[in-house]
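Got the structure open? Here's a quick tour to read alongside it, one topic at a time.

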Amino acid sequence: MAATSAPLAKTVLRPSANAVGIALLLVLAYGIVPLVGTSYLYEAILTPFLALSLAALGLNLLTGYAGQLSLGSSAFMALGAYAAFNLSLRLPFLPLPVTIVLAGLVAATAGLAAGLPALRLRGFYLAVSTLAVQFFVGWVLNRFAWISNDSPSGVISAPPLVIAGLSFEDARGRYLFSLTVVALLTFLAWRLVTSPTGRSFVAVRDNETAARVIGVKVARTKLLAFALSSFVVGVAGVLWAFAYLRTVEPAGFNLDRSFQILFIVIIGGLGTLRGAFLGAGLIVVLPLLLSRFGAAVLGDGFDSGTLEMCQRIALGTLIVAFLIREPAGLAALLDRAVRCLRRAD
Amino acid sequence: MPTLKIRLRSALVAGTALLALTGAANADEQHFPLQSYRVGPYAAGGTGFFGGFIDYLNLINTRDGGVNGVKLTWSEGETQYEVERGVEVYERLKSRPGIAAWNPLSVGIAYAMIDRITKDKVPLITINHGRTDSTDGRVFPYVFPLLLNPYSETSGIVEYLASREGGLEKLKGKTIAVLFHGSPYGKETIPIYELLAKKYGFKVEQIEVPHPGNEQQSQWLTIRRLKPDYVVLRGWGVMNPVALKTAQKTGFPANRIVGNVWSNSEEDVIPAGEAAKGYVAITTQASGAEYPVLQEVTKTVYGAGTGNLADRKRIGSVYHNLGIVNGILNVEAVRAAQEKFGKRTLTGDEVRWGFEHLRLDEARVAALGAKGLFHSINVTCANHEGEGRVTFQQWDGAKWSVVSDWIAPDWATLRPIIEASSATYAKEHGLTPRDCAKEEAASQAPAVGQ
């Protein structure tokens with residue numbers, strides 16, 4: 001009796017503990033950070049962190065929850081960014097939130113098309129077909145000059161971030177803008193993964209045949225996963241271009257970026273929402289902290305190239321150590337730490 | 001006793017603080033934050049360019065004690081040529097006191113900085129590259145594509161080919177093939193080649209090489225079929241040596257291939273070995289270490305063991321000399337601004353004024369020990385490129401040697417295109433172009449409070 005009541009108590013307790021944690025995080029992010037942060041913190045750390053976390057969240061819906069490996073994430077980011085640029089250029093009367101949603105839909109449509117091979121291919125073969133999307137999108141952006149408004153160098157500059165006369169142009173505004181978009185989409189993603197649709201994602205991931213037997217429409221589920229994931233990744237692309245860099249060139253969305261997002265998901269924890277944020281923390285923020293730390297300890301005189309190499313070695317060792325300690329990613333590591341603390345109570 | 005100890009200690013602390021304060025107040029310093037790239041695929045260019053730049057700043061500090069007593073300082077942040085790392089370094093270093101100018105040597109990073117530096121009122125120097133329409137200083141007050149932009153480079157190459165044929169009218173009926181890198185950078189000059197082809201009556205065939213360009217068999221078969229008189233190489237990275245090697249295989253002579261400004265370094269030709277012998281490339285700064293300023297860098301900076309290049313053999317290489325010339329232009333802009341605003345640490349906006357009055361004629365260039373290294377520069381409020389001349393150098397298998405005069409690109413033809421493009425930018429961003437004549441008149445009036 002005691003054995004069954006304990007996990008029950010836990011399941012009742014856990015959401016509230018989670019809710020408290022999330023509430024605390026939101027208070028920190030909205031209430032405290034904007035008061036004490038510096039422009040460096042917003043512009044160089046938090047905004048890219050938020051954008052890549054969102055991209056990883058999107059990929060995690062596809063790879064972590066629905067089990068479809070994709071190497072085309074940065075292509076969807078590019079689609080979102082260029083779609084938003086063109087929408088705001090050609091339909092300037094659209095309010096920014098509408099532009100962002102439409103840009104996400106453009107990415108989602110492309111995601112739907114990219115998901116078609118998933119109906120026949122699995123695992124590494126599917127990864128190769130998404131790789132084709134990565135190169136195809138890069139080629140299209142380079143090929144058709146109107147996409148970058150005939151700019152001779154193909155580089156576009158982002159329009160100002162203004163919603164209903166409210167400007168988010170300064171560093172703090174950009175941060176708050178990104179934060180709101182990310183918080184909103186994370187909430188929707190959470191609703192999704194706890195819904196029947198989210199459960200059918202997991203069913204497809206764990207065993208396609210079994211999923212089909214219990215009545216999950218596998219083809220529809222896979223395509224939906226591709227579309228929803230691409231939508232989120234596309235919006236992340238808009239944040240990356242509009243809120244963070246304020247300029248976009250096709251080369252910025254290359255295969256390296258896709259790998260980066262995939263690694264964030266793997267290291268953070270497949271099939272968890274917080275994994276995306278933890279992974280982005282490790283891949284995006286930690287190298288910067290290491291580099292600041294190295295520069296502070298060794299001073300300006302030290303050769304910056306050697307310093308960079310040392311950081312890479314340190315980061316690589318950390319990743320290897322993390323994955324040995326916890327192959328399921330940082331999210332699982334965090335869970336274990338929380339469990340340890342609970343037991344200590 | 002304890003009170004005495006405390007008093008002593010507080011006196012000591014106060015004294016140190018005072019010393020630090022007065023020290024900071026006395027030492028005028030001008031700072032150059034560097035977004036360098038010494039790691040990653042473009043490290044060869046990065047170490048050469050930033051090495052040369054630092055070497056020249058070092059020379060000015062050791063030999064002259066700074067610019068009129070104002071010490072030059074710098075700090076480096078590694079970007080690996082990645083845009084987001086460049087932005088991070090910008091945000092990290094922008095709060096340093098007394099920043100003179102930013103010199104990223106990366107088109108991507110420069111683009112991402114235009115909004116930021118304009119807001120922060122600090123000059124952005126994109127020597128030999130960057131956004132072509134930023135030549136129009138009326139719309140881009142803080143951006144300086146010094147010496148050469150992609151359009152003038154194109155015109156310079158055509159003028160050179162004409163000089164090899166014996167005049168612009170001799171270009172009529174000739175065929176020029178342009179082999180360009182499949183990227184926004186590579187495609188930027190397509191309309192300019194078309195325009196010049198129409199103007200001078202030559203035929204131009206523009207052939208794309210997809211990035212990274214390590215397979216060019218089909219492109220060179222096309223060239224073989226076309227039998228062009230010249231091939232212009234608008235390359236990048238590994239594409240350049242592969243082009244030279246494939247040219248040799250298809251039997252196209254290297255001395256009829258002309259490289260652009262990103263295909264002109266030792267790193268582009270050495271991997272091609274024998275195939276690169278006779279290859280010609282454009283440059284704004286001659287290579288070699290025989291110029292007085294490089295002799296001084298070798299003697300004063302490397303002699304004291306403070307040289308920045310790990311390999312002394314690279315002194316005088318293309319990227320190192322570009323760094324040296326970049327150093328000269330930055331230092332002389334600071335000097336020009338000091339003439340007007342006083343011999344002290346200047347603000348970014350004051351250094352911007354200095355760049356807009358950066359006039360180095362041939363005599364001044366010779367006095368700086370750079371005669372033959374680069375020709376001259378004449379930057380104004382409206383023209384941020386500064387009428388840089390170009391020259392052409394030929395690779396003999398071991399070193400580059402200059403094979404042409406200093407050639408002036410046809411700026412008059414290019415200016416209307418640049419102004420049209422900058423006007424579009426101004427409209428997109430809701431900017432009103434500056435009135436240069438008015439500003440000039442205002443700046444001639446004696447400054448108040450000097």
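Keep in mind that this is a predicted model. The domain assignment splits chain A into domain 1, covering 1-35, and domain 2, covering 37-344. Chain A also touches chain B, with 24 residues of chain A in contact with 27 residues of chain B.

**The two domains of chain A**
- Measure from C-alpha centre to C-alpha centre, and domain 1 of chain A sits 25 Å from domain 2 of chain A.
- Where these domains meet, domain 1 of chain A puts in four residues and domain 2 of chain A puts in five.
- On the domain 1 side of that contact in chain A, you'll find four nonpolar residues, no polar ones and no charged ones.

**Chain A as a whole**
- Chain A is built with 13 helices and four strands.
- Its C-alpha atoms fit a box of roughly 70 × 55 × 45 Å along the principal axes.
- A compact globule of 345 residues would have a radius of gyration near 20 Å, so the 21 Å of chain A agrees with that.
- Of the 345 residues in chain A, 46% are buried.
- Take the contacts in chain A between residues at least 6 apart in sequence: 77% of them link residues at least 24 apart.

**Where chain B meets chain A**
- On chain B's side, the elements giving two or more residues are β2 (71-78), α3 (83-93), α4 (107-120) and α6 (184-187).
- The largest share comes from α3(B), with six residues.
- By type, chain B's side has eight nonpolar, eight polar and eleven charged residues.

Definitions and conventions:
Residues are numbered from 1 along each chain as its sequence is written. Chains are lettered from A and ligands numbered from 1 in the order in which they are written. This is a predicted model: local features need pLDDT of at least 70, side-chain atom pairs count only at pLDDT 80 or more; totals for chains, interfaces and linings use all residues. Domain bounds come from an automatic or database domain assignment. Two residues are in contact if their C-beta atoms, placed from the backbone, lie within 7 Å. Ala, Val, Leu, Ile, Met, Phe, Trp, Tyr, Cys and Pro count as nonpolar, Asp, Glu, Lys and Arg as charged, and the others, Gly among them, as polar. The radius of gyration is taken over C-alpha atoms; the globule rule is 2.2 Å times the number of residues to the power 0.38. A residue is buried if 20 or more other C-beta atoms lie within 10 Å of its own, exposed if 12 or fewer, and partly exposed in between; C-beta atoms are placed from the backbone.
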